[in-house]
Number of protein chains: 2
Amino acid sequence: MKGRAMAAEMAEQPAVLERLVQRRAAIAAEVRQVVPHPLCGITLVARGSSDNAALYGRYILEMAARRPAGLSAPSIHTLYRSPVDMDGYLAVAISQSGRTPEVGTVLGRLREQGARTVAIVNGTGSPLAEAAEVTIHLDAGAEVAVPATKTFTATLLALGLIAPALGEVAWSDAEIAALPGQVAGLLSDRAPAERLAARMDDGERVLVTGRGMLLAAALETALKIRETTGILAEGISPADLRHGPIAAVAPGFPVLSFLSGEADDLDASELTDTLRQRGARVQVISSERGADCPLPAGVPPGLLPILAVIRGQQVAATLARRRGLDPDAPAGLSKVTLTR
Amino acid sequence: MKGRAMAAEMAEQPAVLERLVQRRAAIAAEVRQVVPHPLCGITLVARGSSDNAALYGRYILEMAARRPAGLSAPSIHTLYRSPVDMDGYLAVAISQSGRTPEVGTVLGRLREQGARTVAIVNGTGSPLAEAAEVTIHLDAGAEVAVPATKTFTATLLALGLIAPALGEVAWSDAEIAALPGQVAGLLSDRAPAERLAARMDDGERVLVTGRGMLLAAALETALKIRETTGILAEGISPADLRHGPIAAVAPGFPVLSFLSGEADDLDASELTDTLRQRGARVQVISSERGADCPLPAGVPPGLLPILAVIRGQQVAATLARRRGLDPDAPAGLSKVTLTR
């Protein structure tokens with residue numbers, strides 16, 4: 001069956017996330033031991049799909065630490081070989097395979113220059129794990145399908161479990177414990193994503209929007225759609241969309257819009273209205289009533305992106321199936337990125 | 001004449017840059033007074049087109065300060081309203097108009113929370129200038145064309161002139177003084193960009209690649225092409241291109257590749273070879289001999305992006321002219337971005 005691996009790996013997510021949730025106290029305690037005091041900042045090291053996870057991590061870690069977090073620029077170390085004093089920094093590297101060579105190289109370089117280091121990897125014995133002082137193994141099992149699913153949501157959750165080591169988080173213990181069950185609930189409720197995919201099946205382009213942490217879900221959903229179908233899907237923030245590409249949104253243009261449902265998210269929901277006035281076919285993934293594809297209500301904003309990503313996976317997998325494509329092995333993609 | 005404003009503003013660049021270069025000692029001295037000691041890090045605040053300038057600034061400032069620099073996430077302040085301790089940080093805000101409300105709001109918020117603040121603006125009396133302790137006026141004159149040209153290159157140069165306030169820079173005083181003349185030289189040499197544009201005129205998509213600081217030039221060139229022609233131009237790093245979208249590069253696909261000409265830039269030049277093997281029509285903008293569109297040789301890597309952007313402007317303006325479009329006023333774009 002086409003897409004069997006991706007479907008099986010998506011279905012494993014509640015169990016994978018539950019195992020991580022069970023380890024939450026140990027993960028926070030281990031990371032706490034390497035957090036510098038005073039803390040200057042946090043830097044995330046990632047490539048490709050992990051970049052979308054790093055964007056989420058950047059919010060979650062900055063908001064918990066109340067100190068700036070950002071994404072490292074690997075070229076500073078690998079191309080310009082410029083020295084950077086990393087004293088007072090926590091560096092968190094992400095690589096689902098643990099074998100993207102550049103990520104390990106950069107983390108090693110940051111450590112030499114004074115950063116304390118954490119790696120998030122799936123699988124053991126990876127070079128990245130060796131470069132870090134603390135390694136968080138996702139324990140997600142082998143991932144065979146090219147589009148990462150369970151390792152991606154597990155990475156997001158791992159970042160969320162690091163956050164309490166840096167400061168106060170905006171969710172309760174009960175809320176994090178409820179997450180795997182909510183993921184299972186979404187996975188067993190496939191009809192909304194299938195309906196949504198059916199309505200956007202005829203185009204070769206789609207915009208996926210999300211603001212703040214939901215931009216990570218939008219970028220990841222766009223990547224999954226590109227990987228599984230070849231549709232030119234682009235993730236973009238409402239502000240950047242309004243600044244330029246909105247001019248290219250013609251009547252009938254499909255847009256997927258992740259909304260937080262928060263009262264403060266007026267910017268994103270106003271953009272949705274503007275897009276509809278332009279004749280775009282906007283479909284909303286949100287916990288708001290009347291969403292085309294619902295998310296559970298009452299989930300803290302910091303955990304919502306994990307559930308949003310599940311909806312994005314369902315949309316991407318459905319689109320591929322509708323087109324007779326095999327989402328497990330898109331042409332031209334391989335699982336490990338090699339860069340120098 | 002279509003594109004008259006853009007052409008005139010492009011032609012003003014040597015004079016605008018020369019005026020900034022003349023002020024280099026004063027700019028560095030003024031910024032030096034607000035740089036925190038010890039310095040934890042640098043954060044750049046920008047939106048839209050200025051984001052591409054911030055990406056360049058992030059390299060230039062991190063490499064001079066030898067402390068991490070990164071781009072701020074406005075949503076942390078405007079959507080989540082999460083407090084972040086900015087003690088020890090220099091915040092540099094960029095807005096060509098000085099009126100993008102979110103940029104001023106975020107800079108004000110960072111200052112309240114302990115950051116020292118610099119604003120780069122064009123024009124006086126802007127709200128952003130009021131939010132900052134030090135304001136660098138670009139003094140570029142009014143910019144009428146929607147695609148920013150002279151304010152963009154002036155912003156890059158202003159970032160370069162801030163860098164000496166943070167530490168040692170990798171160019172000499174003579175090299176920075178030579179820059180406006182090199183820009184004038186490129187602007188008077190229009191044939192290479194016109195030839196290059198003629199060879200990519202038939203497509204509706206183009207990829208623009210660049211590594212490290214040249215990614216800023218690639219993203220800006222892609223933006224100019226989108227703004228002036230509506231062609232779906234996408235700027236991307238070689239590593240990210242290789243990881244995924246390369247699968248979509250079919251024979252004949254046009255690719256613009258900015259290469260540094262440095263021996264270390266093997267990754268980018270190997271990618272160019274790979275793309276050519278796939279049948280892509282790759283055109284190279286570089287200081288290497290044999291480039292389709294030459295850049296001057298011997299320019300320090302930190303200043304090369306400014307010259308690369310000039311070539312990108314020429315390509316975008318030529319493409320628009322060839323299609324009978326008016327690059328001054330693309331449909332649906334306005335000059336100030338409003339976001340909350």
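Biologist: Why is Y80(B) called partly exposed?

Modeller: In this predicted model, the relative accessible area of Y80(B) is 21%. Buried would require a value under 20%, and exposed a value over 50%. Since 21% falls in between, Y80(B) counts as partly exposed.

Biologist: And what makes Y59(A) count as buried?

Modeller: Y59(A) has a relative accessibility of 6%. The limit for buried is under 20%, so Y59(A) meets it.

Biologist: Let's look at the rings, then. How many aromatic pairs are there over all chains?

Modeller: Searching the whole structure gives 2 aromatic pairs. One of them joins Y59(A) and Y80(B), with 6.0 Å from centre to centre and 75 degrees between the planes.

Biologist: Why is the arrangement of Y59(A) and Y80(B) called edge-to-face?

Modeller: There are two steps. Ring centres must lie within 6.5 Å, and 6.0 Å does, so the rings pair. Planes over 60 degrees apart count as edge-to-face, and because the angle here is 75 degrees, the name fits.

Biologist: How do you know that this pair crosses between chains?

Modeller: Look at where each partner sits. Y59(A) belongs to helix α4 (residues 49-65) of chain A, while Y80(B) is in the loop between α5 (74-78) and β3 (89-95) of chain B.

Biologist: What about the pair formed by Y80(A) and Y59(B)?

Modeller: That pair is edge-to-face too, at 5.9 Å centre to centre and 75 degrees between the planes. It also crosses between chains, from the loop between α5 (74-78) and β3 (89-95) of chain A to helix α4 (residues 49-65) of chain B. Both Y80(A) and Y59(B) are buried.

Biologist: Let's turn to a strand. What makes β3(A) largely enclosed by the rest of the structure?

Modeller: Count its residues: 7 of the 7 are buried, so β3(A) is largely enclosed. Y89(A), A91(A), A93(A) and S95(A) cover one side, and L90(A), V92(A) and I94(A) the other, with all of them buried.

Biologist: How do you know that β3(A) pairs with β1(A)?

Modeller: At least two bridges are needed for a pairing, and there are 5 between β1(A) and β3(A), so these strands pair. They run parallel, with T43(A) opposite A91(A). β3(A) is also joined in parallel to strand β4 (residues 116-121) of chain A, by 6 bridges. There, V92(A) has V118(A) as its bridge partner.

Biologist: What makes β7 (232-236) and β10 (293-294) of chain A edge strands?

Modeller: The sheet is open, with 5 strands in the order β7-β6-β8-β9-β10 (chain A) and parallel pairing. β7 and β10 of chain A each have a single partner strand, so one side of each lacks a neighbour in the sheet. Further in, 3 bridges join strand β6 (residues 205-209) of chain A to strand β8 (residues 254-259) of chain A, and L207(A) stands opposite V255(A).

Biologist: In chain B, how do you know that β9(B) and strand β10 (residues 293-294) pair?

Modeller: They share 2 bridges, and at least two are required, so the pairing qualifies. One bridge links S286(B) with P294(B). β9(B) is also joined to strand β8 (residues 254-258) of chain B by 5 bridges. Strand β9 (residues 281-286) of chain B is mostly covered, as 5 of its 6 residues are buried.

Biologist: Which residues touch the most other members of the largest nonpolar core?

Modeller: In this core of 214 residues, they are L61(A), V92(A), I225(A), L61(B), V92(B) and I225(B). Among the residues that L61(A) touches are I42(A), L44(A), V92(A) and L159(A). In soluble globular proteins, nonpolar side chains tend to be buried together.

Biologist: Why does A178(A) count as partly exposed?

Modeller: A178(A), in helix α9 (residues 173-187) of chain A, has a relative accessibility of 33%. That lies between the 20% and 50% limits, so partly exposed is the right label.

Biologist: One last topic: which residues lie nearest the centre of the largest cavity?

Modeller: I42(A), G70(A), P68(B), A69(B) and G70(B) do, out of 22 lining residues. The volume of the largest cavity is about 200 Å³, and the count comes to 4 cavities of 30 Å³ or more.

Technical notes: Residues are numbered from 1 along each chain as its sequence is written. Chains are lettered from A and ligands numbered from 1 in the order in which they are written. This is a predicted model: local features need pLDDT of at least 70, side-chain atom pairs count only at pLDDT 80 or more; totals for chains, interfaces and linings use all residues. Side-chain values use heavy atoms; hydrogens and water are left out. Rings of Phe, Tyr and Trp (its six-membered ring) pair if their centres lie within 6.5 Å; planes under 30 degrees apart count as stacked, over 60 as edge-to-face and the rest as tilted. Helices (H or I, at least four residues) and strands (E, at least two) are DSSP runs, numbered from the N terminus. Buried means under 20% relative accessible area, exposed over 50%, partly exposed in between (1.4 Å probe, protein chains only). A nonpolar core is a set of buried Ala, Val, Leu, Ile, Met, Phe, Trp, Tyr and Cys residues joined through side-chain atoms within 4.5 Å. Contact means heavy atoms within 4.5 Å. On a 1 Å grid over the protein atoms alone, a cavity is a set of points where a 1.4 Å probe fits but cannot get out, and a pocket is an open set with protein on both sides within 12 Å along at least five of seven lines; lining residues have an atom within 4 Å of a point. Grid points are joined across faces, edges and corners, and a volume is the space filled by probe spheres set on the points. Lists of a residue's contacts leave out its neighbours within four places in sequence.
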